[in-house]
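Hi,

Here is the structure I promised to pass on. Have a look at it first, and then read my notes below.

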Amino acid sequence: VTVDFVPRHRNPAVCMTASLFLLAQSSLAALPINSNAALNPYEGGVIVRQQVIATQSHRDNEEVSRVAAPLAVAYGVTSRFSLLAVLPYSFLRQRNSPQIGSLTEKKDSHDSAFADAKLAGKYIYFRHDLIGATLRLALPLTVTIPTRETGFSQNAYSGSLGQVFTYQSTNWEFDAAFAFETFDVSEGIRRGNRVTYDAALQFRILPWTLPDEGVPAFLNFVFEINGETQEETIRDGASLANTGGRILFFSPGLQFASERYVIEASYQKPIQQRWNGNSRGRRDQFTIEERYRFGIRLLL
Amino acid sequence: MLRYKLTIGLLAVALLTGTTLFSQGGVEREIVASVKGLACPFCAYGIERQLKEIPAVSRVEVSIKTGIVRIFLKPGESVTRHAIEKAVDKAGFTLADLTGLEDSDSPEEIKE
């Protein structure tokens with residue numbers, strides 16, 4: 001049974017916001033920009049990360065600009081276990097130009113609010129260290145607390161459990177992760193389960209050769225692929241037609257990493273997306289034109 | 001007479017300086033640790049922080065290329081292998097080797 005209904009929280013723009021903040025929970029101690037990694041702050045160490053993520057999307061006569069500013073704080077409880085809190089503030093600008101006969105009506109609206117907060121824990125259960133390299137596996141567990149702000153919140157509690165793999169050397173690093181997220185029932189509606197997956201490859205481009213002594217700052221080139229697949233939303237036992245789907249991003253980026261801070265920027269482009277529903281044709285035209293991410297991490 | 005006074009003065013200064021240095025046990029002592037898992041600059045800061053929390057440690061120098069961490073002890077101070085191993089582990093790395101420990105760095109006495 002399918003019902004052609006788009007609930008408020010399944011609006012594609014809101015779906016994108018949820019994705020942004022899911023990606024924003026990526027490891028703070030690690031080098032990937034949009035992905036997670038099996039690395040933690042040192043015991044007692046605190047990492048503060050501020051990001052600014054700008055997204056522009058178009059659909060028919062609608063243009064949505066969104067700027068999200070998630071602030072994340074990570075604390076190393078032990079060298080293997082860390083806690084993370086993410087509080088995202090978001091600005092939304094929506095421009096519509098509907099055609100009424102031969103006339104075009106222009107509407108411009110602004111809004112801002114806190115999006116859903118996230119609390120996460122990550123435990124490194126396998127660590128194999130070598131001279132100048134490390135291989136680690138970690139289990140991240142995340143709980144999302146909805147702020148229920150219209151247009152900014154997924155309106156339901158959710159829990160996510162995943163798996164992260166990291167191989168890091170002084171020359172390059174590879175990270176791969178996936179997470180399964182399940183949602184609470186809210187107002188009789190249960191969002192479909194979501195699986196997120198990402199892979200990241202980073203190369204040090206400067207300094208080209210490492211000096212014998214000291215810890216120089218690194219300039220890294222970062223290639224990432226992030227994606228998510230979500231089942232349809234269920235209401236009263238019936239699937240809602242215009243819900244669920246999948247999206248995959250390609251995200252090249254640059255990163256400057258020193259001992260105390262990291263400055264990074266990446267550009268995200270969707271390379272594949274398909275949204276479910278009766279209006280699939282229209283939804284397929286929903287394209288995220290551009291997404292830019294700028295961030296800074298400070299180690300305290 | 002002036003020459004005599006000057007010589008006495010210089011001797012006194014030399015004696016005092018020498019005594020002070022001797023009482024502090026001379027200069028800093030260096031211990032060299034080989035650390036596994038050290039691979040990025042943002043991760044290296046933790047090992048400096050953790051090792052500097054050991055009271056006997058005056059400064060730390062890290063080579064990210066070789067994974068060698070030079071630990072300089074305050075004059076007259078000692079440290080145990082256990083304390084260094086623990087600090088390296090707290091930073092999220094593995095101690096591979098340690099050279100430069102002396103008999104005074106008693107393994108039974110844990111100084112952290």
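**Salt bridges and the A–B contact**

A:R127 and A:D129 pair up in a salt bridge, with 3.2 Å between their closest N and O atoms. Before I go on, please keep in mind that this is a predicted model.

Both A:R127 and A:D129 are buried. A:D129 also has a second salt bridge, this one to A:R136, where the closest N and O atoms are again 3.2 Å apart. With a relative accessible area of 5%, A:D129 falls under the 20% cut-off, so it counts as buried. A:R136 has a relative accessible area of 5% and is therefore buried by that rule too. If you step back from the single pairs, you'll find A:R127, A:D129 and A:R136 linked with B:D89 in a network of salt bridges. Over all chains, the count comes to 11 salt bridges.

Now for the place where the two chains meet. How many salt bridges does the rule find across the interface of chain A and chain B? There are three. One to look up is between the side chains of A:D212 and B:K65, which come to 2.9 Å, N to O. This pair crosses between chains: A:D212 is in the loop between β14 (194-206) and β15 (218-230) of chain A, while B:K65 is in the loop between β2 (57-63) and β3 (68-73) of chain B. B:K65 has a relative accessible area of 40%, which lies between the 20% and 50% cut-offs, so this lysine is partly exposed.

The rule also finds 15 residue pairs in polar contact across the interface of chain A and chain B. On the chain A side, the elements that give two or more residues to it are β8 (117-130), β9 (133-145), β10 (158-169), β19 (261-275) and β20 (287-299). Sorted by class, that side of chain A has 19 nonpolar, eight polar and nine charged residues.

As for the extent of the contact, 36 residues of chain A and 28 residues of chain B take part. Together the two chains bury about 2600 Å² between them, and carbon and sulfur atoms give 57% of that area. Three residues to click on are A:Y42, A:I131 and A:E259: they supply 22% of the area that chain A buries against chain B, more than any other three residues.

**Chain B on its own**

Chain B has three helices and four strands, and from the N terminus on they run α-β-α-β-β-α-β. Of its 112 residues, 41% count as buried. Among the contacts in chain B with a separation of 6 or more, 68% are between residues 24 or more positions apart.

A good example is B:I31, found in strand β1 (residues 29-36) of chain B. B:I31 is buried, with a relative accessible area of 0%. B:G100 is 69 residues away from B:I31 in sequence, yet the two are 4.5 Å apart in space, C-alpha to C-alpha. Leaving aside neighbours within four places in sequence, the contacts of B:I31 include B:V69, B:I71, B:V79, B:L98 and B:G100.

Helix α2 (residues 41-52) of chain B is worth a look as well. At 1.5 Å a residue, its 12 residues should span 16 Å, and the end C-alpha atoms are 17 Å apart, which agrees. The helix is mostly covered, as 10 of its 12 residues are buried. Among them are B:F42, B:C43, B:Y45, B:I47 and B:L51.

Have fun with it!

Terms used: Residues numbered from 1 in each chain as written. Chains lettered and ligands numbered in written order. Predicted model: local features only at pLDDT ≥ 70, side-chain atom pairs only at ≥ 80, totals over all residues. Heavy atoms only, no water. Contact = heavy atoms within 4.5 Å. Buried area = accessible area lost by both parts, 1.4 Å probe. Salt bridge = Lys/Arg side-chain N within 4 Å of Asp/Glu carboxyl O. Polar contact = N/O pair within 3.5 Å; in protein donor to acceptor, adjacent residues only side chain to side chain. Nonpolar A, V, L, I, M, F, W, Y, C, P; charged D, E, K, R; others polar. Expected span 1.5 Å × (residues − 1). Buried < 20%, exposed > 50% of the residue type's maximum accessible area, 1.4 Å probe, protein only.
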